[in-house]
Amino acid sequence: MRVTVRLPTHLDLYTGGERTLSLTLAPGACLRDALAGVEARHPGLRFRIVDEQGAIRRHIKIFVGNAVATGLAQPLAEGETVMVVAALSGG
């Protein structure tokens, strides 16, 4: 099945500016599989999204379709769009 992953601009350093990835995943794939596909294409990127314990980082929200992902085990559907959104902060 095909899914689209959209990435925020602050990850351009890790993707060479590629912000939209089209991935082919096995039927029944979940968000974890999509992030593995992202990592295969851009090594080191997954660590910017998921922490050492395998949880989505606090400053990151991932939307599957129009809903916030509940975890990496969330199933994906054919044609789904996954959007990674990062909080910005500073002073």
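## Group meeting: sheet, core and charged pairs

Let me begin with strand β5, which has a covered face made up of Val-82, Val-84 and Ala-86, and an uncovered face carrying Thr-81, Met-83 and Val-85. Please keep in mind throughout that what we are looking at is a predicted model.

From that strand we can move outwards to the sheet. There are five strands in an open sheet, in the order β2-β1-β5-β3-β4, and the pairing is mixed. The edges are formed by β2 and β4, the latter covering residues 67–68, and each of these pairs on one side only. As a general reminder, strands of a sheet pair through backbone hydrogen bonds, and they do so either parallel or antiparallel.

Taking the pairings in turn, β1 and β5 run parallel and are joined by three bridges. Within that pairing, Thr-4 stands opposite Thr-81 of β5, and Arg-6 has Met-83 of β5 as its bridge partner. β3 and β5, by contrast, pair in the antiparallel sense, over five bridges, and here the bridge partner of Ile-62 in β5 is Val-84. If you recall the two faces of β5, Val-84 belongs to the covered one. β1 and β2 also run antiparallel, with five bridges between them, and Val-5 finds its bridge partner in β2 at Leu-21.

That brings me to β2 itself, where the side chains alternate along the strand: Leu-21 and Leu-23 point to one face and are buried, whereas Thr-20, Ser-22 and Thr-24 point to the other face and are not buried.

Now, which residues have the most contacts inside the largest nonpolar core? They are Leu-7, Leu-23, Leu-25, Ile-49, Ile-62 and Leu-76, in a core that has 25 residues. At least two residues of this core come from each of β1 (2–6), β2 (20–24), α2 (31–41), β3 (60–64) and β5 (81–86), and α2 gives the most, with four residues. In soluble globular proteins, nonpolar side chains tend to be buried together.

Ile-49 is a useful place to look into that core. Leaving aside neighbours within four places in sequence, Ile-49 is in contact with Leu-7, Leu-11, Leu-35, Ala-55, Ile-56, Arg-57, Ile-60, Ile-62 and Val-84. Among these partners are Leu-7 and Ile-62, which were also named with Ile-49 for having the most contacts inside the core, and Val-84, which we met on the covered face of β5.

Helix α3, residues 46–49, also holds Phe-47. Is Phe-47 buried, exposed or partly exposed? Phe-47 is partly exposed, because its relative accessible area is 40%. Beyond its neighbours within four places in sequence, Phe-47 is in contact with Glu-39, Glu-52 and Arg-57. The contact with Arg-57 deserves a closer look, as the charged end of Arg-57 sits over the ring of Phe-47, at 4.5 Å from the ring centre. As for pairs of aromatic rings, the count for this model comes to zero.

Let me turn to the charged pairs, of which the structure holds two that form salt bridges. In one of them Asp-12 is paired with Arg-19, and the closest N and O atoms are 2.6 Å apart. Arg-19 is partly exposed, with a relative accessible area of 37%. In the other salt bridge the side chains of Glu-18 and Arg-41 meet, at 3.7 Å from N to O. Glu-18 lies in the loop between α1 (12–15) and β2, while Arg-41 is in helix α2, so this pair ties together parts that are 23 residues apart in sequence. Glu-18 counts as partly exposed at 29% relative accessibility, and Arg-41 is partly exposed as well, with a relative accessible area of 37%.

I will finish at the segment after β5, where Leu-88 is found. Leu-88 is exposed, because its relative accessible area is 76%. Its C-alpha atom is separated by 9.3 Å from that of His-10, although the two residues are 78 apart along the chain. For Phe-47 and Gln-74, which are 27 residues apart along the chain, the corresponding C-alpha separation is 19 Å.

Methods:
Residues numbered from 1 in each chain as written. Predicted model: local features only at pLDDT ≥ 70, side-chain atom pairs only at ≥ 80, totals over all residues. Heavy atoms only, no water. Phe/Tyr/Trp six-rings, centres within 6.5 Å; stacked < 30°, edge-to-face > 60°. Lys NZ or Arg CZ within 6 Å of the ring centre and 35° of its normal. Core = buried A, V, L, I, M, F, W, Y, C linked by side-chain atoms within 4.5 Å. Buried < 20%, exposed > 50% of the residue type's maximum accessible area, 1.4 Å probe, protein only. Contact = heavy atoms within 4.5 Å. Salt bridge = Lys/Arg side-chain N within 4 Å of Asp/Glu carboxyl O. Pairing = 2+ DSSP bridges.
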